[in-house]
Every structure is written in C-alpha cells, then in structure tokens.
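Here are some exercises to help you find your way around a new structure. Try each task yourself before you read the solution.

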Amino acid sequence: QASRLEEPPYSSLEDDGDDDTAEQDRGMWHPDPPKPSPFSHCLRCLAFLWNLLFLLLGLLSLALGVWGLLAKSPPPGAERGVPLGSDPMLLFVLAGLGASAVSLAGCLGALRASPCLLRFFLGAVLVFGGLELLGGLLLLLARRRLRDALRELLLLCLLRYRDDPDLQFLLDELQRSLQCCGLESYRDWESNPYFNCSAPGVQACGVPASCCLYPLENGSVPNAQCGFGALALGPGAAGAVLHTGGCGAALAAWLWNQAGAIAAAATVPLLLEAVGGLLALRVLGDIAAG
C-alpha cells in the first residue's frame, strides 16, 4: 500500500518531463514568428500614410462630383438639360470612387499586413498605370483625330453654352485666357440659339462677355452686356470691342507650345503610382519573410 501511495509523485514527474520534451519539440518545429524590425514598421507606416493621402484626395474628388451633380439637378417634374451620361461631373465621381477603393485597400493592407489586400492594390496600380501609358501612346499616334475631337468639343460648348453651366464656365475661361471668340471667328456665335440674330431676348445678335476686349466697366465692375449687338457690327467695328479670332487655332497653338509641360504633368501621376506600388511590394516582401 505504501508503494502504491508513492507512485503518483513519480508518475507526475515523468509526465512533467514528457511535457517539457513536447514543448521543446514544438518549439523546434513551430518557432515563434519573428517580430517586425523597426525599418519594416516604419515602411508600413509610410505605405499607410501614402495611401491615406490618396484616399482623402479620392474622397474629395467624389464629393466634388456629387455636389456638382446635385447642384445641377432639375426641380421635381422638370427635364434634365444635359443627359447624366455626358455630364463632366460624372468623371469626378468615377475617378473618386476608383481612387478611394484602391487607396482604401492599400491603407488596410499596410495597416493589417494583409497580403490579399496588398496584392489587390498592387494589381490595380499596375492596371491604372498601364491604361495611362496606353492612353498617352494613343494620343501621340492620333494627334489629328485629337485635334478634330477638340474642335467638336468646342462646337459642343458653343451650342450648349446656356444649357450646361460646366460648359459655359469652360468656354468662358478659354476665351478669356486665349483672347479668342468662337470656333473660327466671333461669327460662329450665330449658330447658338440664344445669340442668333433671329432669337428673342436682349442676347440676340450678341456674344458672351468673355469675348470682349474690355469686360470690366470702369476697370473694376464686370460688364455682362459688353457683347450685346456685336454680331450686327461690321468686322472693323467688332474688332474694336471684341477678340475676333477663333479659339480653335489659338488652342492648337497653345497645346503645341505647352507640350513639354503637359507631358511632365502627365508623368507625375505615374511616378506617384510607381512609388505606391514599390512600397506595397516591399511590405509584401517583409510579410513573406516573416
């Protein structure tokens, strides 16, 4: 009986030895994952902040597009002046949605060290960069078609000048900055139904104030009526109050002179996307190494 009472302590000691051996074996075959180095931690923080910046920019673009669509929405029961599919503000909405989704995936992937989200972000960056390069090459190869497309866009702005506030703002800024009027000449405004000489109202036989040589009265007050009746004047009299040259040739010359600056501006987004892709790739490498 005494020997039987002494057996449990010996068996417990043997069990403790077996447990220690098992723990050592588990430690040999399943080691604890290494802790991330300070450099890896800083890299993840940098990738998170980088994508957070683009997330905020994407949300800003989305908010701007939604605000523009809501601001131009017609009252209940009225028809929309411009189809939704051709509204320029829709581009801001789509660009904001795409940038926000991709940047959010990059933020969460860097914050949670998620290989799946980081691979999605890296793939989206590669797709967007490839599309931008392809678009640039197509523009270089189709310069003549681009010129024709710009002429059609200017003609569309001229015809819908009073129907779409975005096109009106775009054409006014173009005529003021390039000091031009119309597509080929100031006479092109006769094709607009509001400025045609047979149209009713005070704008008939006139042009927008952005065509005027002196759009400010007394040097400070905007004069919205400076172009009234200009189409009824002769070429000499109209030249004394208007920019009579067309915007088509002026815009083509400006684009040719600014080709280098436009190319540099188009390269900046590609470089920023490349930096974000390299950060995501490095974080993926650190996760795989860990």
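Before starting, one cut-off is needed: a residue is buried under 20% relative accessible area, exposed over 50%, and partly exposed in between. Keep in mind too that this is a predicted model.

**Exercise 1. Get an overview of the chain.**

Task: work out how many helices and strands the chain has, and in which pattern they follow each other.

Solution. Start with the count: there are nine helices and two strands. Next, read along the sequence, and you get α-α-α-α-α-α-β-β-α-α-α. Then look at burial: of the 290 residues in the chain, 27% are buried. As for the surface, the chain exposes about 18700 Å², and carbon and sulfur atoms supply 67% of that. Finally, take the contacts with a separation of 6 or more: residues 24 or more positions apart account for 67% of them.

**Exercise 2. Classify an aromatic pair in α2.**

Task: find out how the rings of Trp50 and Phe54 are arranged, and whether these residues count as buried, partly exposed or exposed.

Solution. A pair of aromatic rings is described by the distance of the centres and the angle of the planes. For Trp50 and Phe54, the centres are 5.9 Å apart and the planes are at 45 degrees. Planes under 30 degrees apart count as stacked and over 60 as edge-to-face, with the rest tilted, so the Trp50–Phe54 pair is tilted. Both residues sit in helix α2, four residues apart, which is about one turn of the helix. Now for accessibility: Trp50 has a relative accessible area of 24%, so it is partly exposed. Phe54, at 25%, is partly exposed as well.

**Exercise 3. Compare with a second ring pair.**

Task: classify the pair made by Trp189 and Phe195, and say which residues join them in a cluster.

Solution. The ring centres of Trp189 and Phe195 lie 5.3 Å apart, with the planes at 75 degrees, so this pair is edge-to-face. Trp189 and Phe195 are both buried. Ring pairs also bring in Tyr161, giving a cluster of Tyr161, Trp189 and Phe195. In total, the structure holds four aromatic pairs.

**Exercise 4. Track down salt bridges.**

Task: place the salt bridges of Arg151, Arg176 and Arg282 in the chain.

Solution. Side chains of opposite charge can pair when their charged atoms come close. The count for this structure is four salt bridges, and here are some of them.

- Arg151 meets Glu184 at 2.5 Å, N to O. This pair links distant parts of the chain, with Arg151 in helix α5 (residues 143-159) and Glu184 in the loop between α6 and β1, 33 residues apart. Arg151 is partly exposed at 33%, and Glu184 is partly exposed at 48%.
- Arg176 meets Glu173 at 3.4 Å, N to O. Both lie in helix α6, three residues apart, or about one turn. Arg176 is partly exposed at 45%, and Glu173 is partly exposed at 37%.
- Asp286 pairs with Arg282, the closest N and O atoms being 3.8 Å apart. These two lie in helix α9, four residues apart, again about one turn. Arg282 is partly exposed at 42%.

**Exercise 5. Look closely at helix α9.**

Task: check the span of α9 against the expected value, then find what covers its buried residues.

Solution. Helix α9 covers residues 259-289, which makes 31 residues. From first C-alpha to last it reaches 45 Å, close to the 45 Å expected at 1.5 Å a residue. The buried residues in α9 are Glu273, Gly276, Gly277, Leu279, Ala280, Val283 and Leu284. Their cover includes α2 (38-71) and α4.

**Exercise 6. Spot positive phi values and a surface patch.**

Task: locate Ala113 and Gln179, then find which residues make a nonpolar surface patch.

Solution. Ala113 has a positive phi of about 55 degrees although it is not a glycine. Ala113 sits in the loop between α3 (89-112) and α4, and is partly exposed at 21%. Gln179 also has a positive phi, near 55 degrees. Its place is the loop between α6 (165-178) and β1 (216-217), and at 53% Gln179 counts as exposed. As for the patch, Val127, Phe128, Leu131, Leu134 and Leu138 make a nonpolar surface of about 470 Å². One of them, Leu138, is found in helix α4 (residues 115-141).

Technical notes
Residues numbered from 1 in each chain as written. Predicted model: local features only at pLDDT ≥ 70, side-chain atom pairs only at ≥ 80, totals over all residues. Heavy atoms only, no water. Patch = residues over 30% accessible without salt bridge, like charges linked within 9 Å, V, L, I, M, F, W, Y side chains within 5 Å. Areas by Shrake-Rupley, 256 points an atom, 1.4 Å probe, with all protein chains shown as cover. Salt bridge = Lys/Arg side-chain N within 4 Å of Asp/Glu carboxyl O. Expected span 1.5 Å × (residues − 1). Buried < 20%, exposed > 50% of the residue type's maximum accessible area, 1.4 Å probe, protein only. Contact = heavy atoms within 4.5 Å. Phe/Tyr/Trp six-rings, centres within 6.5 Å; stacked < 30°, edge-to-face > 60°.
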